[in-house]
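Open the model in your viewer and keep the selection tool ready. We will go step by step, picking residues and looking at what surrounds them.

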Amino acid sequence: MGELVVDKHVKYILSVEKRKDSFESVVLEHLRMNGVYWGLTTLDLLGKLDALDSNEVIQWIMKCQHESGGFAGNIGHDPHLLYTLSAVQVLALFDKLNVLDADRVANYISGLQNVDGSFSGDEWGEVDTRFSYLAICCLSILHRLDKMNVEKAVNYIVSCKNVDGGFGCTPGGESHAGQIFCCVGALAITGSLHHVDKDLLGWWLCERQVKSGGLNGRPEKLPDVCYSWWVLSSLIMIDRVHWINKDKLVKFILNCQDTENGGISDRPEDAVDVFHTYFGVAGLSLLEYPGLKAIDPAHALPVDVVNRIFFQK
């Protein structure tokens, strides 16, 4: 097992940011906002956020804001909760939330809440517990949770809880580690974790660790570095992270690095991408890997950023 090749990862992320004409950049143009969040949060966890021009990034983000108040994945695209949270998170990284009209953004988000407490991702109406998390996390960062019906939102999330302790995307949906993170994160932010059966869910989550040390998202699936975030953060929020083998997971993540060119892949020897690079580094942060900034498991932002949002006068 090698060490985390920090400088190579920084170089890789900066190269992805600049390669705007590559095949990957073109096909992922519509979700560039998410990519910027993944890349910049990784840089911040590595202590290298100053490697990018913050003013250039902020100007681009504000050009992605729609007249509705929501943010799109790129300039000229449609707004969605997915990109709105990423935009707000990146502005929080740079301590620039003051450039936002928080009420305008909050009104966009609260306008997507449905009568049953669920949230649609955008004006077209798809419902998913991911969107409940996005709305709650974003409004929390903006200090605007009072703009939504928190009680109804919590009740809807609880209605998506399954007999195995996990959560699905809608009531009756299969338990999945990504959905579990969203539901547990939303419940944590709203002070509602008493609705979670922590031992039952902790058992389901720790069963996600396979022989290689990696974690999968559902039973009988292959391990994937991204679940180092979804599963670990959930285990931390319910205080059951000691139920997995942390050393084996660290080894799995480090073995997914491209030690020559930087970046982290889903599994060893696969092609790297910025998505798995972020979740690999975020997972290592949760595992208290030396030299990394701590990350908040609920808001998915560095702890110092979260402290600045909630405790700085």
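Start with the largest nonpolar core of this predicted model. This core has 106 residues. Select L40 and Y133: they have the most contacts inside the core.

Stay on L40. Which residues does L40 touch, leaving aside its neighbours within four places in sequence? Select L49, L52 and V57, then add V90, L93 and F94. Each of these six is in contact with L40.

Next stop: the second largest pocket. About 470 Å³ of space lies there. Its lining has 23 residues. To find the centre, select W38, L82, L134, W230 and F279, which lie nearest to it.

Now colour the helices around this pocket. Which ones supply at least two residues of the lining each? Pick α3 (32–45), α5 (81–93) and α7 (129–141). Then pick α9 (177–189), α11 (227–237) and α13 (274–286).

Colour the lining by class. You should find 16 nonpolar residues, six polar ones and one charged one.

Zoom in on F279. This residue sits in helix α13. Is F279 buried or exposed? F279 counts as buried because its relative accessibility is 4%, and buried means under 20%.

Show what is around F279. Leaving aside neighbours within four places in sequence, F279 is in contact with W38, V225 and C226. S228, W229 and W230 are in contact with F279 too. W38 and W230 should be familiar: like F279, they are among the residues nearest the centre of the second largest pocket.

Last, select I253 along with F279. The two are 26 residues apart in sequence. From C-alpha to C-alpha, they are 9.5 Å apart in space.

Notes: Residues numbered from 1 in each chain as written. Predicted model: local features only at pLDDT ≥ 70, side-chain atom pairs only at ≥ 80, totals over all residues. Heavy atoms only, no water. Core = buried A, V, L, I, M, F, W, Y, C linked by side-chain atoms within 4.5 Å. Buried < 20%, exposed > 50% of the residue type's maximum accessible area, 1.4 Å probe, protein only. Contact = heavy atoms within 4.5 Å. 1 Å grid on protein atoms, 1.4 Å probe; cavity = no way out; pocket = protein on both sides within 12 Å on 5 of 7 lines; lining within 4 Å. Points joined across faces, edges and corners; volume = space filled by probe spheres on them. Helix = DSSP H or I, 4+ residues; strand = E, 2+ residues; numbered from the N terminus. Nonpolar A, V, L, I, M, F, W, Y, C, P; charged D, E, K, R; others polar.
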